[in-house]
Amino acid sequence: MDFLQLGSYSFSSRLILGTGKFSNAKVMLEAVRASGAQLVTVALRRFNRQQAEDDLFAPLSTIEGITLMPNTSGASTAAEAVRAAHIARELSGSPFIKVEIHPNPQHLMPDPIETYEACRILAKEGFLVMPYITADPVLAKRLEDAGCASVMPLGSAIGSGQGLAAAEMLSIIIRESNIPVIVDAGLRSPSEAAAALEMGCGAVLVNSAVAVAGNPPEMAEAFAGAVVAGRKAFRAGLMQKSGSALATSPLTSFLEAKA
Amino acid sequence: MSISPEWLTDDRDSAELARMLAPSSSSTLESLAAESKAITLRRFGRTISLYAPLYLSNHCSSGCAYCGFASDRNTLRRRLEPEEIGREILAMKKIGISDILLLTGERTKLADFDYLRRSVEIAAKSMQRVSVEAFPMSVSEYRMLAECGCTGVTIYQETYNRERYESLHRWGPKKDFLDRLETPARALEGGIKTVGLGVLLGLSEPLEDALMLYRHVRHLARRYWRAGISVSFPRIRPQTGGYEPPFPVDDHFLARMIFSFRITLPDIELVLSTRESGTFRDGMAGLAITRMSIASRTTVGGYHDPENNEKGQFDVSDNRSAEEFCNTLRSRNIEPVFKNWDPAYNGPAYGKNTEIHPEKLKPCH
Amino acid sequence: MITIELNGEQQVLSGDASVNDLLSIIGSDGKTVAVMVNEHIIRPENRSATLLQEGDRVEILVFAGGG
């Protein structure tokens, strides 16, 4: 069977779901169930008695087969991210941590230097580190060397719905990586998710596209189908795109001329 | 017998190459040539980098069935002394060469690691780029070589077919298939910047060897992501001793293999030596090949005193002088390049773990 | 009575309040929260024994929605 391998965890689903931006927790839980996702991201927030329904830990625990992947969203430095990771592991017991450090609240682009520093520390501490980064092939290899369990390059900016704008860089990262590449952020439609899997990535993380859809549970199901199709196509060996046009005069005639 | 590594046997990544090389392939040679040419032009431009081999010694402890220098062959054995090396290098510089490949056989008392290292030191004084094609070494030996100015290591697996490999390497240290397989990785781990891989075409079924060679390249590229990797295509030529290759590779297959490698490995340096004829080399330059040897001697030394009648490791097919060859390249709108980077950058690259140790950047004594 | 900082706001407590007492006061059953006192994580088994002091900075965190 074809599993997504992260550390010692094997996942049959290659769709990871984010839990933010949903209209309410009930819809979010339905979407998670419909998606078949086995890895779900959550953020850390201060306890607020007035909004007790925001506390997702207990409700998510009712869904079978879910592993939590807390993120460090809110942190703008490596030190803050490391602290958040410790708190998150304390609460969830899960070794997964999505290192997400975006100091600029406008575009939410990840800080590569703080991210690298945080990942280096957390990997040594035994976390399964999943860094959120721009699609930078060299940064991806640096993070792999540092001991991350995967790299999570963005397809395009969070919530932008621009799809696989970084496709060329993503394909380089995928080709060169020894660890799973999880395309995160910017995916708008199931066909884009399928395209990412067809490129050979290990999984996709989708949040906004499901949360703000007209019918999130149905959209989650659509994404699940697309991810399965994309992965199958990749494994089946896609037909190559055709090459350049033929030269005007034959290039290989020298092979007939014997020396 | 320990198992071959998974990266060598996993056929998923090499599926596209397999399709291009299959006898039933629908891609014509001409269409592969056109695509290969387009990729080469985009990635490498209209240049070919040039180098020349210098055989330091033909002493050898191994018994490779196909080699003119095998230890059971009746050949005059000698090695170049430091002054002779200096003279050879001067002669090579006179004809424009500044990128040199130093060759020896397997490790012997007379041509051992210290001899090789001293030779690299001498060459690095006046050559821009110094590579070696010699015996497999340890990581720390490669690091010492890198510190002395060695920037490249060429080591051919000869064949990736394990049974064929073991029957061809009848005795000596080269008999160990897995040790040889791991050698390029050791060189890169030791800080050598580029490695050259290849199979000796004719030894085994070529399609199989091509696929495994491709997988070796991909494996090293993913594991040593800062490394330069080149692939050569040596084809067994007539040599003293008369080894008949059991799987002879014709020009058409060789061309198809080279084009397919260019298409599936667009960033890799592809190398052709003077084993091949002038016509073949001229044709392939600009279509896929980006690096070639020139004015080669496969005898020990031979540049300083070109009239010597010794037998070489193999017979050179393209005997043109450096000047003739360069003029031909220029007439085909290709610029010959002798120098790639400043030797001030020579020295160990990082291994897999990137930690800078300033005290290790001392110059070699 | 002592004053502590809870999730960034002032909170008045009795002088011998434990972390567990604080959790009851704010309406948490303690099962789905992480507790930090002055940058130290207080594990569930230690919460009854950990008494709060004047000026302590307490953070009580839960998992909420996020991408």
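Strands 7 (residues 128-133) and 8 of chain A run parallel and are joined by two bridges; strands here are DSSP runs of E with at least two residues, helices are runs of H or I with at least four, and both are numbered from the N terminus. In this pair, A:Tyr132 has A:Met152 of strand 8 as its bridge partner. This is a predicted model, in which local features need pLDDT of at least 70 and side-chain atom pairs count only at pLDDT 80 or more, while totals for chains, interfaces and linings use all residues. Residues are numbered from 1 along each chain as its sequence is written, and chains are lettered from A and ligands numbered from 1 in the order in which they are written.

The two strands belong to an open, three-stranded sheet of chain A with the order 6-7-8 and parallel pairing (two strands pair if DSSP finds at least two bridges between them). Strand 6 (96-99) and strand 8 (152-153) sit at the edges, each pairing on one side only.

Turning to chain C, the contact draws 29 residues from chain A and 19 residues from chain C (C-beta atoms, placed from the backbone, within 7 Å). On the chain A side, strand 4 (39-46), helix 2 (57-61) and helix 3 (78-92) each chip in with at least two residues. Strand 4 of chain A gives the most, with six residues. By class, this side has 13 nonpolar, nine polar and seven charged residues, where Ala, Val, Leu, Ile, Met, Phe, Trp, Tyr, Cys and Pro count as nonpolar, Asp, Glu, Lys and Arg as charged, and the others, Gly among them, as polar.

Strand 4 of chain A also runs antiparallel to strand 5 (residues 57-65) of chain C, with five bridges joining them. Here A:Ala43 stands opposite C:Ala64 of strand 5.

Note on methods
Two residues are in contact if their C-beta atoms, placed from the backbone, lie within 7 Å.
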